[in-house]
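This report introduces a single protein chain to a reader who has not met it before. Please look over the sequence and the structure before reading on.

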Amino acid sequence: MKKRSKWMAAVAALTMLVACQNDEPTVDIEEEEQVEPVEDVGEVEASLPYTYPLTGVGTEEQLDRRVVGVTINNHPAARPQSGLTSADVVYEVLAEGEVTRFVALYHSQLPERVGPVRSARPYFIDLVNGYNGMLVIHGWSPDAEQLLNGGAADFLNGLYYDGTLFERSSERQAPHNSYITFEHIWEGFESRNYELDGPVPSLDFYENEEIQIAGTDGKAIEINYYDRNMVQYAFDEELGLYHRFNGEEQTIDDETDEPISLANLFVVEAEHRTLDDVGRRAIDLTSGGKGILFQSGIASEVDWENRDGQIIPVKDGAQVPLTPGQTWINIVPALTSVTY
């Protein structure tokens, strides 16, 4: 996993440049286990009475609303997307072919507009159900249709609200142009008589004390979802967060031009099986397996388990805490596709 691409070499050079600009000495990182301290995540948050359950960020308000999961398109014609910067957790997973889709989970923040919205697959339903969430989609595979019409999850489907709750952008071609506002999401769920309030599971986060993360250098990451879909992450030393790139083009929000800035990147290996000539897949999200957790520029080899429907990093049987902030979980057929 030590292979270096031109892109990763450029990121390494940028990291060196930032260190020099800050008048800090650079230190060669050896490929062996090390422990690096992470600064206090914030004295201000320590005084706040509540914590958002999916980000670990302190807040003055206690939210009773349920999680909303939106299936978001990642075809090249759908980029840049709207609303990803506001998600608490984002799963990136293959549908058909070589292009991934996102299952973006919203709770602490609600963007005004999200999309482009795309169709559901059975494992998307499982991911949202793990957070007691409601699912927003535009279309479905035959298996997903059967599950949702059978009551597998609360959902809102753009097939039935195209041109009303869901709006088509004239700037893009179908099927890469379906959008919905959160005002219309709530309106749609209310019209279907769903309970909008309900429990939200809490993920495990480091608390407001010095964090110790063991591992090796994990500042430049590349994930090869086939040659058509190369995903990269670069660690920003000043922010202490990762930025995402797709095909070396930075992932930003189409509404605000704000870049994706995530605290945790969890890459997990899961069995993928092709089901039909269309290329639909079955993905095993229950059996657990190997994973790599990237936090604060450090890569840690861990396992993953499905605990109550959530994909959780585990080391020696104990859950590994996350750093407060946004989390992305990339599901891949094999960890050999990951270089860092």
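Which residues point one way from β5, and which point the other way? V89, Y91 and V93 point one way from β5, while V90, E92 and L94 point the other way, and all of them are buried. The model discussed here is a predicted one.

## The chain as a whole

The chain contains five helices and 25 strands. It has 340 residues, of which 54% count as buried. The exposed surface of the chain comes to about 15600 Å², with carbon and sulfur atoms supplying 45% of that area. Among the contacts in the chain with a separation of 6 or more, 65% are between residues 24 or more positions apart.

## Strands β5 and β6 and their partners

Strand β5 is mostly covered, with six of its six residues buried. Strand β6, residues 100-106, is mostly covered as well: seven of its seven residues are buried. From β6, the residues T100, F102, A104 and Y106 point one way, whereas R101, V103 and L105 point the other way; all are buried.

β5 and β6 form a hairpin, and five residues lie between the two strands. Within the turn, G97 has a positive phi of about 65 degrees. Strands of a sheet pair through backbone hydrogen bonds, either parallel or antiparallel. Both senses of pairing appear in the table, which lists several strand pairs of the model, including those made by β5.

| Strand pair | Direction | Bridges |
|---|---|---|
| β5 (residues 89-94) and β6 | antiparallel | six bridges |
| β4 (residues 68-73) and β6 | antiparallel | six bridges |
| β5 and β24 (residues 327-332) | parallel | four bridges |
| β14 (residues 230-236) and β15 (residues 241-246) | antiparallel | six bridges |
| β7 and β11 (residues 178-181) | antiparallel | two bridges |

Individual residues help to locate these pairings. E92 has F102 as its bridge partner in β6, and V70 stands opposite A104 in β6. On the β24 side, the bridge partner of V90 is W328.

## The nonpolar core

In soluble globular proteins, nonpolar side chains tend to be buried together. The largest nonpolar core of this model has 83 residues, and those with the most contacts inside it are Y91, F189, I311 and I331.

Y91 is one of the residues of β5. Leaving aside neighbours within four places in sequence, Y91 is in contact with R101, F102, V103, L105, L127, Y131, Q310, I311, I329 and I331.

F189 lies in helix α5, residues 182-191. Is F189 buried or exposed? F189 is buried, because its relative accessible area is 0%, and a residue counts as buried under 20%. Leaving aside its neighbours within four places in sequence, F189 is in contact with V68, M134, L135, V136, F155, L156, Y194 and L196. M134 is 55 residues away from F189 along the chain, yet the C-alpha atoms of the two are separated by 8.4 Å.

## Two open sheets

One open sheet has three strands in the order β7-β11-β10, with antiparallel pairing. β7 (113-114) and β10 (166-168) stand at its edges, each with a single partner strand, so one side of each has no neighbour in the sheet. In the pairing of β7 with β11, V114 stands opposite I180. Helix α5 packs on this sheet and touches β7, β10 and β11; the direction of α5 makes about 80 degrees with that of β11. This is also the helix in which F189 lies.

Another open sheet is formed by five strands in the order β16-β15-β14-β13-β25, and its pairing is antiparallel. Its edges are β16 (249-250) and β25 (338-339); each of these has a single partner strand, so one side of each is left without a neighbour in the sheet. In the pairing of β14 with β15, the bridge partner of V231 is N246 in β15.

Terms used
Residues numbered from 1 in each chain as written. Predicted model: local features only at pLDDT ≥ 70, side-chain atom pairs only at ≥ 80, totals over all residues. Heavy atoms only, no water. Pairing = 2+ DSSP bridges. Buried < 20%, exposed > 50% of the residue type's maximum accessible area, 1.4 Å probe, protein only. Contact = heavy atoms within 4.5 Å. Areas by Shrake-Rupley, 256 points an atom, 1.4 Å probe, with all protein chains shown as cover. Core = buried A, V, L, I, M, F, W, Y, C linked by side-chain atoms within 4.5 Å. Axes fitted to C-alpha atoms, helices over the stretch in contact; angles between N-to-C directions.
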